[in-house]
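Here are my notes for a first reading of this model, set out as numbered points. Please keep the structure open beside the text and find each residue as it is named.

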Amino acid sequence: MPSTEKSLYFMSSALLTSVSAGVLGYCMSTEWAKTAMECTRNGSSFSNGSAVVTLGPFTGKMDRSFCPLFGRQDDFDTLQRLADLGVAPIVLHSVVVCLLALCLAFSAGSILISLYNSVSNPYETYMGPIGLYVCSSLSAFLSVMVLLIFALNVTLTSMAEDLVQSFADPLVAELRNKTSEMQLGYYLVLLYTGCTLVVVMLIYFYDHAAYTQRREQQRPTEDAPKEIMMY
C-alpha cells in the first residue's frame with residue numbers, strides 16, 4: 001500500500017486534473033472569439049452597416065446590421081458552415097477541435113493514472129509518475145497549440161469575412177476595419193493549461209522527494225566501512 005503522503009499527492013493530482021477537464025469541457029460550449037467589421041454594399045461610398053461574428057468550437061452567431069442592405073441574426077453550425085467556405089478555415093478549425101478532444105483524452109488518462117497510484121505503487125512502469133508526466137505534459141502542449149492555431153485562424157485568415165459574405169448572398173458586401181477580440185472560452189483554455197502544469201509540478205515535487213528519501217536510506221550502507229560490510 002502507498003504511504004499517506006503519496007496518496008494525498010496523487011489524489012490532489014486527480015482532483016486538479018478533473019477540475020481542469022471540467023473547465024475545458026465547459027469552454028468548448030462557450031464563445032471563443034468575436035469579430036466586428038464595417039459593412040457596405042459593394043460600390044457604395046456610404047457606410048453605416050456592421051457585422052459581428054461570434055465563434056465557438058461548434059456553434060457560431062452572425063449579427064448583421066444593414067449589411068449590406070438589411071440586418072438579421074443567425075445561428076449556425078461552425079464546422080458545417082466553414083466547410084462550405086474554403087480549405088484553410090475549416091482545416092485549421094478542425095485541427096483545433098481534434099486537439100481539444102485529445103486534451104480531454106489525455107486528461108482522462110492522467111486521472112486514471114493518478115487514482116491508480118493513490119492505491120498502488122507502480123513506480124517503474126508507464127502507470128507510475130512517468131505516465132502521468134507524459135499525459136499531463138501532452139495535455140498542456142496541445143492546449144497551447146489550440147490557443148495558437150485558433151488565434152491564427154481568427155486574426156490572419158479571411159474566415160470572418162467569408163462567413164459574412166456567405167450570409168449576405170446574393171448581394172456582395174464590402175468589408176473593412178476588422179477587429180477581433182477573444183472571449184471567455186478562449187481564456188478558459190489558458191486556465192486549463194495552467195492547471196495541467198500545476199499537476200506536472202505536483203508530481204515532480206513528490207517524485208523528487210521520494211527519490212531523495214530513497215537515496216538517504218541507501219547512504220548508510222554506502223558509507224559503511226568495508227570491514228563491517230563483510231560481516
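1. How many helices and how many strands make up the secondary structure of the chain? This is a predicted model, and in it the secondary structure of the chain comes to seven helices and five strands. If you follow the chain along its sequence, these elements appear in the pattern α-β-β-β-β-α-α-α-α-β-α-α.

2. A few totals for the chain are helpful before the details. The chain has 231 residues, of which 41% count as buried, and it exposes about 12600 Å², with carbon and sulfur atoms supplying 63% of that area. Among contacts between residues at least 6 apart in sequence, 68% join residues that are at least 24 apart.

3. The interior deserves a careful look. In soluble globular proteins, nonpolar side chains tend to be buried together. Here the largest nonpolar core has 37 residues, and those with the most contacts inside it are Leu24, Trp32, Phe150 and Leu163. Two or more residues of this core come from each of helix H1 (4-27), strand E1 (33-41), strand E2 (49-55), helix H3 (87-117), helix H4 (129-155), helix H5 (159-168) and helix H6 (184-223). The element that gives the most is H4, with seven residues. There is also a second, separate core of six residues, which includes Ile113, Leu132, Ile203 and Tyr206.

4. Leu163 is a good residue on which to practise reading contacts. Once its neighbours within four places in sequence are left aside, Leu163 is in contact with Val53, Leu55, Met62, Phe76, Arg81, Leu82 and Leu85. Recall also that Leu163 is one of the residues with the most contacts inside the largest core.

5. Ser136 lies in helix H4, the helix that gives the most residues to the largest core. Ser136 counts as buried because its relative accessibility is 2%, and buried means under 20%. Not counting residues up to four places away in sequence, Ser136 touches Ser110, Thr196, Val199 and Val200.

6. Which cysteine sulfur is nearest to that of Cys27, and how far away is it? The structure holds zero disulfides, and for Cys27 the nearest cysteine sulfur is that of Cys103, 9.3 Å away. A disulfide requires the two sulfur atoms to be within 2.5 Å, so Cys27 is in no disulfide, and Cys103 is likewise in no disulfide. Cys27 counts as buried, at 0% relative accessibility, and Cys103 is buried with a relative accessible area of 0%.

7. The salt bridges come to a count of two. In one, the side chains of Asp74 and Arg72 meet at 2.9 Å, N to O, and Asp74 counts as buried, at 12% relative accessibility. In the other, the side chains of Glu161 and Lys178 meet at 3.5 Å, N to O. This second pair links distant parts of the chain, with Glu161 in helix H5 and Lys178 in strand E5, 17 residues apart. Lys178 counts as partly exposed, because its relative accessibility is 29%.

8. Strand E5 (residues 173-182) also holds Asn177, whose backbone should be checked by eye. Most residues other than glycine have a negative phi. Asn177, however, has a positive phi of about 55° although it is not a glycine. Is Asn177 buried or exposed? At 51% relative accessibility, Asn177 counts as exposed, the cut-off for that class being over 50%.

9. Helix H3 can be read from its outer surface as well as from its part in the largest core, to which it gives two or more residues. Val87, Val91 and Val95 form a nonpolar patch on the surface, with about 250 Å² of accessible area together. Of these, Val91 is found in helix H3 and is partly exposed, with a relative accessible area of 45%. Ala101 has its place in helix H3 too, and Ala101 is partly exposed, with a relative accessible area of 43%. The C-alpha atoms of Ala101 and Leu142 are separated by 9.9 Å, while the two residues are 41 apart along the chain.

Notes: Residues numbered from 1 in each chain as written. Predicted model: local features only at pLDDT ≥ 70, side-chain atom pairs only at ≥ 80, totals over all residues. Heavy atoms only, no water. Core = buried A, V, L, I, M, F, W, Y, C linked by side-chain atoms within 4.5 Å. Buried < 20%, exposed > 50% of the residue type's maximum accessible area, 1.4 Å probe, protein only. Helix = DSSP H or I, 4+ residues; strand = E, 2+ residues; numbered from the N terminus. Contact = heavy atoms within 4.5 Å. Patch = residues over 30% accessible without salt bridge, like charges linked within 9 Å, V, L, I, M, F, W, Y side chains within 5 Å. Areas by Shrake-Rupley, 256 points an atom, 1.4 Å probe, with all protein chains shown as cover. Salt bridge = Lys/Arg side-chain N within 4 Å of Asp/Glu carboxyl O.
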